Amino acid sequence: NIAHNEGNYFTNKKHLEELESGDLIPFKYCDKKGKVTLNSNPNGSLNNIAGIFNKNKNILGMMPHPERMADKMLSGEDGIDLFLSLMK
């Protein structure tokens with residue numbers, strides 16, 4: 001679930017290169033098969049970026065909201081897998 005209104009991720013070319021070379025892009029928008037395509041990008045984020053780490057990888061900024069999809073009574077359970085994987 002995303003709740004960005006009309007927001008999307010963008011940055012300059014130099015910073016994008018730093019993110020890519022530092023392996024600081026943990027999440028990208030993709031289709032159900034995991035393929036990153038223009039059609040799987042719901043908000044026009046640069047390179048389908050859905051989340052980035054800081055240089056120490058201890059802070060994550062993320063556009064999707066998996067916490068909104070972690071309880072069946074709220075809206076679904078698709079987001080719970082992210083939290084379960086972090087606990088492992």
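The questions and answers below concern a predicted model of one protein chain.

Me: In what order do the helices and strands of the chain run from the N terminus on?
Reply: The chain holds 2 helices and 3 strands. Helix H1 covers residues 13-21, and helix H2 covers residues 80-87. From the N terminus on, the order of the elements is α-β-β-β-α.

Me: What share of the residues in the chain is buried?
Reply: The C-alpha atoms fill a box of roughly 45 × 30 × 25 Å along the principal axes. A residue counts as buried when its relative accessible area is under 20%. Of the 88 residues in the chain, the buried share is 24%.

Me: Which residue caps the N-terminal end of helix H1?
Reply: Helix H1 spans residues 13-21. A side-chain oxygen lies 3.2 Å from the backbone nitrogen of lysine 14. The residue that supplies this oxygen, and so caps the helix, is asparagine 12.

Me: How many residues apart are glutamate 18 and lysine 14 in helix H1?
Reply: Glutamate 18 and lysine 14 form a salt bridge, with their closest N and O atoms 3.8 Å apart. An α-helix has 3.6 residues a turn, so residues three or four places apart point the same way. Both partners lie in helix H1, and their spacing is about one turn, or 4 residues.

Me: Is lysine 14 buried or exposed?
Reply: Its partner glutamate 18 has a relative accessibility of 31% and counts as partly exposed. The cut-off for exposed is over 50%. Lysine 14 has a relative accessibility of 59%, so lysine 14 is exposed.

Me: Which residue forms a salt bridge with lysine 57?
Reply: Side chains of opposite charge can pair when their charged atoms come close. The structure holds 2 salt bridges. In the bridge made by lysine 57, the closest N and O atoms are 3.8 Å apart, and the partner is aspartate 23.

Me: How many residues apart are lysine 57 and aspartate 23, the pair that links distant parts of the chain?
Reply: The salt bridge joins lysine 57 to aspartate 23. Lysine 57 sits in the loop between strand S2 (49-53) and S3, whereas aspartate 23 sits in the loop between H1 and strand S1 (27-28). Lysine 57 is partly exposed because its relative accessible area is 40%. The separation of the pair along the chain is 34 residues.

Me: What phi does aspartate 23 take?
Reply: Most residues other than glycine have a negative phi, and most peptide bonds are trans. Aspartate 23, which comes just after H1, departs from this with a positive phi. Its relative accessibility is 54%, so aspartate 23 counts as exposed. The phi of aspartate 23 is near 55°.

Me: Which residue in the loop between S1 and S2 has a phi near 55°?
Reply: The phi in question is a positive value in a residue other than glycine. The residue counts as partly exposed because its relative accessibility is 32%. Its place is in the loop between S1 and S2, and the residue is asparagine 47.

Me: Which residue's backbone nitrogen is reached by the side chain of asparagine 41?
Reply: Asparagine 41 lies in the loop between S1 and S2. With 14% relative accessibility, asparagine 41 counts as buried. Its side chain comes to 3.0 Å from the backbone nitrogen of glycine 44.

Me: Where does glutamate 77 of the negative surface patch lie?
Reply: The negative surface patch is formed by Asp71, Glu77, Asp78 and Asp81. Patch residues need over 30% relative accessible area. Glutamate 77 has 43% relative accessibility, so glutamate 77 counts as partly exposed. Glutamate 77 lies in the loop between strand S3 (60-62) and helix H2 (80-87).

Me: What distance separates the C-alpha atoms of glutamate 20 and isoleucine 52?
Reply: Glutamate 20 lies in helix H1. Its relative accessible area is 41%, so glutamate 20 is partly exposed. Glutamate 20 and isoleucine 52 are 32 residues apart along the chain, and their C-alpha atoms are separated by 9.9 Å.

Me: What distance separates the C-alpha atoms of lysine 88 and serine 75?
Reply: Lysine 88 is found in the segment after H2. Lysine 88 is exposed, given its relative accessible area of 85%. Lysine 88 and serine 75 are 13 residues apart along the chain, and the separation of their C-alpha atoms is 24 Å.

Key
Residues numbered from 1 in each chain as written. Predicted model: local features only at pLDDT ≥ 70, side-chain atom pairs only at ≥ 80, totals over all residues. Heavy atoms only, no water. Patch = residues over 30% accessible without salt bridge, like charges linked within 9 Å, V, L, I, M, F, W, Y side chains within 5 Å. Areas by Shrake-Rupley, 256 points an atom, 1.4 Å probe, with all protein chains shown as cover. Salt bridge = Lys/Arg side-chain N within 4 Å of Asp/Glu carboxyl O. Lys, Arg positive; Asp, Glu negative; His and termini not counted. Charge placed at Lys NZ, Arg CZ, Asp CG, Glu CD. Buried < 20%, exposed > 50% of the residue type's maximum accessible area, 1.4 Å probe, protein only. Polar contact = N/O pair within 3.5 Å; in protein donor to acceptor, adjacent residues only side chain to side chain.
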